[in-house]
Amino acid sequence: MSPRSFKGFYGGNKKLERVRLSNFNIYVEDADSLILSRKGFLGIFSKKIQIRLAGLDAPEVGGHTGDPIDFLRIFQSQSGGDAATKALKKIMDANKNASVIVDREKKTYGRYLGVVVGDKDQNINLSYYVLVL
């Protein structure tokens with residue numbers, strides 16, 4: 001397994017689940033957060049899933065959807081936030097068969113912590129981190 005690969009990473013851990021992103025509309029909220037909604041007609045009835053990308057602390061672009069303390073955050077946007085968000089959108093668009101590995105039992109600020117796995121089983125979180133350094 002290469003350092004950037006997550007093939008077999010979650011193997012026997014029953015708390016972790018690999019979710020195929022091809023079943024979802026993906027909204028890149030900022031450079032370290034994704035919002036997923038089910039595709040198709042039934043998607044309008046399902047709750048949106050918020051994912052925070054593990055190991056990343058990217059510049060903010062503003063408040064997050066569903067943030068319980070959003071009203072306390074003033075002037076949250078940070079320099080480089082828009083460029084970092086565009087970079088992640090480009091990576092996600094290039095990986096049409098990506099998935100995300102999440103622990104469905106744990107949430108932080110209403111978001112699951114996850115690692116995005118690309119088309120070739122590469123760790124997108126790590127690849128993205130290396131890209132923006």
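How many bridges join strand β4 (residues 49-53) to β6, and do they run parallel or antiparallel? Three bridges join the two strands, which run parallel. The close-ups below start from that pairing, and they all show a predicted model.

**View 1. Strand β6 and its partners β4 and β5.** Strand β6 covers residues 111-117, and six of its seven residues are buried, so the rest of the structure largely encloses this strand. On the β4 side, Leu53 stands opposite Gly114 of β6. Strand β5 (residues 99-108) is joined to β6 by six bridges, and this pair runs antiparallel. Here Val102 of β5 stands opposite Gly114. Follow the chain through the hairpin of β5 and β6 and you pass two residues between the strands; Tyr109 in this hairpin takes a positive phi near 55°.

**View 2. The whole sheet, strand by strand.** Step back a little and you can trace an open sheet of six strands in the order β1-β5-β6-β4-β3-β2, with mixed pairing. Strands β1 (16-20) and β2 sit at the edges, each pairing on one side only. From one strand to the next, the twist averages 35°.

**View 3. The edge where β2 meets β3.** Strand β3 (residues 33-38) and β2 run antiparallel and are joined by six bridges. To find your bearings in this pair, look for Ile26, which stands opposite Leu36 in β3.

**View 4. Val28 and its neighbours.** Val28 belongs to strand β2 (residues 24-30). Is this residue buried or exposed? With a relative accessibility of 7%, Val28 falls under the 20% limit and so counts as buried. Leaving aside residues up to four places away in sequence, Val28 touches Ser33, Leu34, Thr85, Leu88, Lys89 and Met92. Leu88 is a nice one to pick out: 60 residues separate it from Val28 in sequence, yet the two C-alpha atoms are 7.4 Å apart in space.

**View 5. The largest nonpolar core.** This core has 18 residues, and Leu21, Leu34, Ile51, Leu53, Met92, Val100 and Val116 are those with the most contacts inside it. Strands β2, β3, β4, β5 and β6, together with α1 (81-94), each supply at least two residues. The most comes from α1, which gives three. In soluble globular proteins, nonpolar side chains tend to be buried together.

**View 6. Around Ile51.** Ile51 is one of the residues with the most contacts inside the largest nonpolar core. Its contacts, not counting residues up to four places away in sequence, include Leu34, Leu36, Val100 and Val102. Ile51 also touches Asp32, Ser33, Arg111, Tyr112 and Gly114.

**View 7. Asp121 in the loop after β6.** Which backbone angle should you check at Asp121? Its phi is positive, at about 60°, although Asp121 is not a glycine. Most residues other than glycine have a negative phi. Asp121 is found in the loop between β6 and α2 (124-132), and its relative accessibility of 18% means that it counts as buried.

**View 8. Confidence along the chain.** The mean pLDDT of the protein chain is 77, with 65% of its residues reaching 70 or more. Confidence is highest in β6, at 92, and lowest in α2, at a mean of 70. Over residues 1-8 the pLDDT is below 50, and this stretch has 18 contacts in the model beyond near neighbours in sequence.

Technical notes. Residues numbered from 1 in each chain as written. Predicted model: local features only at pLDDT ≥ 70, side-chain atom pairs only at ≥ 80, totals over all residues. Heavy atoms only, no water. Helix = DSSP H or I, 4+ residues; strand = E, 2+ residues; numbered from the N terminus. Buried < 20%, exposed > 50% of the residue type's maximum accessible area, 1.4 Å probe, protein only. Contact = heavy atoms within 4.5 Å. Pairing = 2+ DSSP bridges. Axes fitted to C-alpha atoms, helices over the stretch in contact; angles between N-to-C directions. Core = buried A, V, L, I, M, F, W, Y, C linked by side-chain atoms within 4.5 Å. pLDDT = per-residue confidence, 0-100.
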